[in-house]
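Visitor: I would like to learn how to read a model like this one, feature by feature. Could you take me through it slowly?

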Amino acid sequence: MSVSTWRTCVWVVVSLGMAAAAVPASAQVTIEQILKYKPVQPGVEYETPPPEEFSKCKIEVERSGKSSGWVVYGPAGQILRRFVDTDGDNTVDQWRYYLHGLEVYRDIDTNGNNEVDQSRWLNLAGTRWGIDANEDGKIDRWLRLSAEEASREAIHALAHRDERALAAVLIDAQDVRALGLKKEMADELLKAVTNPAQQMRDVLTRSKTITGGTKWVRFDSSMLMPNLIPRETGHADRDLVVYENVMAIVDNGGQTGFVQIGELVQVGDVWKLTSIPQPIEGEQLQVVVGGLLMQPSVAALTTGSVQLSPQVQKLVEQLQKLDEAAPGPMATAAEATRYNVARAKLLQDLAEAADSAEDRELWQRQLIDLLAAAVQMDCYPNGVAELEAVEKTLRSSSPQSELIPYARFQRLYADYNIRLRSAEGEERAKVQEAWVQSLEQFLKDYPRTEEAADALLQLAVSHEFAGKVDLAVQRYEQLVREHGESPAARRGTGALRRLKQVGSSLNLAGKGLSGGTIDVRAYRGKVLAVVFWATWCKPCTEELPQLIELYRQHRAAGFEVLGVNLDSPGAPVQQYLQEHKVPWPHIAEEGGLESRPAQEFGIITLPTMFLVDKQGNVVSSGASLEELKTKVPELLKP
């Protein structure tokens with residue numbers, strides 16, 4: 001049924017004018033007719049009861065000022081639909097769909113021509129707000145789109161060969177004007193997304209990662225949070241907010257895949273891609289090349305009004321030319337390595353030829369970042385030694401440079417990851433021990449630096465994983481005491497709360513996935529397991545069948561489970577719960593591992609499980625599944 005046909009059929013009963021008041025709803029429209037109507041946009045998850053329960057549903061009239069409409073209630077009294085005339089012209093202009101009593105999607109007709117021109121996703125469905133200017137059922141542009149949802153839309157566009165949907169999430173000429181980008185940068189960005197339809201076809205022709213059945217799973221990035229690029233860098237006449245090295249994790253028939261999204265930039269309330277997504281095929285290695293916005297501009301490399309020296313200008317041009325010819329995602333490890341080595345050499349030459357100390361440190365920081373990332377991806381020979389060489393150069397040329405502890409920490413971290421990756425059995429314990437010793441020495445040498453906060457967090461986490469809780473607590477406390485304003489300290493504060501929780505009452509409340517607020521205090525008198533989890537967490541899924549069975553065995557005796565979901569916006573949480581038939585409620589707040597519940601308890605690994613007794617006191621703040629199997633029956637005893 002089209003939108004216009006629907007309106008012709010029901011405008012009189014939806015208007016709530018005299019006719020609506022005089023004529024019973026049942027005489028105008030039936031439950032069956034209303035519930036057959038669907039959202040204009042595909043893939044919306046909303047609630048529709050089975051046909052045998054239609055008789056238990058009801059329709060009611062509602063009015064508020066000039067706004068009026070009909071509300072459809074389900075068998076349990078939950079709202080299923082709300083069709084509204086918001087401007088009092090006797091015509092429906094909003095169609096609202098609900099899941100678990102919360103509105104998740106809304107179709108809107110803003111111009112009164114009986115066609116939907118806007119669509120919004122709300123609450124459990126995320127934050128998207130799209131415009132369908134030509135009213136053909138496809139989103140032409142976005143008014144609101146998070147970084148996570150932009151990556152999801154890009155994957156959906158590739159999987160469905162939807163050229164328009166891909167174009168809608170790519171940066172365009174209007175965006176570069178809105179961002180105030182300088183012409184050179186604007187031209188480079190627009191060049192990267194020229195002819196997206198052909199670029200998409202080229203990508204899909206050679207890809208096995210992306211098929212018609214590929215599903216977006218989650219957003220990932222090498223950056224814990226977006227970075228702000230100040231206007232002084234010379235890229236734009238205003239500050240820019242950017243995510244770098246974004247990756248989308250996808251599912252293709254049960255097989256996990258990776259798609260390089262690249263760089264994202266925020267344009268108002270919308271995040272846009274600055275390049276065409278590239279699937280990572282087979283054993284390919286991701287090439288370490290930053291987005292254009294995170295690279296220093298020529299304008300930013302001058303000191304005051306002084307122009308670049310001819311030598312620096314020549315090196316900058318060589319770097320730009322190298323980056324333009326950077327190997328793509330189909331590159332071999334050898335090609336990626338050659339590129340990284342060549343880029344590192346140019347960065348080193350630029351640092352040596354820099355016209356000022358500020359410019360020198362800028363190039364040296366880029367060199368450190370490149371080496372650290374390339375080493376961990378195993379596409380740079382002797383990378384740890386190169387990092388050590390940069391550190392020695394800094395010590396001799398700039399002994400007071402803040403880059404020295406930065407370079408050292410990056411070297412230590414890269415070396416640790418390389419050794420851990422190749423270690424097996426007892427050797428892994430030795431690697432871990434050496435990592436702890438290196439962190440201890442780093443803290444002695446650089447106790448007040450920004451990197452010291454990260455070192456303390458890594459040290460505390462290492463102790464906690466090793467079961468040395470007392471040592472972990474000491475380091476978390478030191479982190480909070482000495483670096484209280486750092487992001488690492490916020491996580492440390494939560495970890496302390498979690499580790500000291502045993503024996504005290506659990507204070508946890510949050511927005512429920514199905515609406516309302518869930519508070520653990522409501523479970524007093526029950527034995528409760530609180531499980532922090534996410535759809536992408538493999539151990540969470542592996543343990544789930546046993547946890548469900550434990551729940552079924554002991555629920556009648558007073559055992560309950562409460563989930564705390566830590567997925568990013570746009571993750572298929574409801575689909576996951578339905579697929580795995582998860583029967584218990586969940587707290588779900590935005591932010592994933594950076595959300596308020598995760599921060600409050602310093603969650604560092606998933607799943608994390610709290611076991612709470614009938615009095616509401618925590619028995620274990622890091623319970624294993626085997627521990628639950630043993631302790632739950634004991635705690636249930638009268």
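Guide: We will go through a sheet, the helices beside it, a single helix and some salt bridges, bearing in mind throughout that this is a predicted model.

Visitor: Let us begin with the sheet: in what order do its five strands lie?

Guide: As a general idea, strands of a sheet pair through backbone hydrogen bonds, and they do so either parallel or antiparallel. Here the five strands form an open sheet with mixed pairing, and the order across it is β19-β18-β17-β20-β21. The edge strands, each of which pairs on one side only, are β19 (586-588) and β21 (618-620), and from one strand to the next the twist averages 25°.

Visitor: How do β20 and β21 run relative to each other, parallel or antiparallel?

Guide: Strand β20, which covers residues 608-612, runs antiparallel to β21, and two bridges join them. If you wish to find a bridge on the screen, look for Val612, whose partner in β21 is Val618.

Visitor: Which strands does helix α18 touch?

Guide: Helix α18 (residues 538-554) packs on the sheet and touches β17 (527-533), β18 (559-565) and β20, with its direction at about 150° to that of β18. Another helix, α21 (residues 625-636), lies across β17, β18, β20 and β21, and runs at about 10° to β20.

Visitor: Turning to a single helix, which residues of α12 are buried?

Guide: The general idea is that an α-helix has 3.6 residues a turn, so residues three or four places apart point the same way. Helix α12 (residues 383-397) has 15 residues and spans 21 Å from its first C-alpha to its last, close to the 21 Å expected at 1.5 Å a residue. Its buried residues are Gly383, Val384, Leu387, Val390, Glu391 and Leu394. Viewed down the axis of α12, these buried residues fall within an arc of 115°, and therefore they line one face of the helix. Lys392 and Ser396, on the other side of α12, are exposed.

Visitor: What do the buried residues of α12 pack against?

Guide: They pack against two helices, α11 (357-376) and α13 (403-422).

Visitor: How many salt bridges does the structure hold?

Guide: There are 28 salt bridges in the structure, and one of them joins the side chains of Arg164 and Asp140, at 2.5 Å from N to O. Arg164 lies in helix α5 (residues 163-168), while Asp140 lies in the loop between β7 (129-131) and β8 (141-144), so the pair ties together parts that are 24 residues apart in sequence. Arg164 is partly exposed, with a relative accessible area of 33%, and Asp140, at 27%, also counts as partly exposed. The two residues, together with Asp136, are linked in a network of salt bridges.

Visitor: Where do Lys345 and Asp349 lie?

Guide: Both lie in helix α10 (residues 333-353), four residues apart, which is about one turn of the helix. They form a salt bridge in which the closest N and O atoms are 2.8 Å apart, and Lys345 is partly exposed, with a relative accessible area of 45%.

Visitor: As a last case, is Glu560 buried or exposed?

Guide: Glu560 has a relative accessible area of 10%, and it is buried because that value falls under the 20% cut-off. Its side chain meets that of Arg555 in a salt bridge at 3.5 Å, N to O, whereas Arg555 itself, at 45% relative accessibility, counts as partly exposed.

Conventions
Residues numbered from 1 in each chain as written. Predicted model: local features only at pLDDT ≥ 70, side-chain atom pairs only at ≥ 80, totals over all residues. Heavy atoms only, no water. Pairing = 2+ DSSP bridges. Axes fitted to C-alpha atoms, helices over the stretch in contact; angles between N-to-C directions. Contact = heavy atoms within 4.5 Å. Expected span 1.5 Å × (residues − 1). Buried < 20%, exposed > 50% of the residue type's maximum accessible area, 1.4 Å probe, protein only. Arc of directions from axis to C-beta. Salt bridge = Lys/Arg side-chain N within 4 Å of Asp/Glu carboxyl O.
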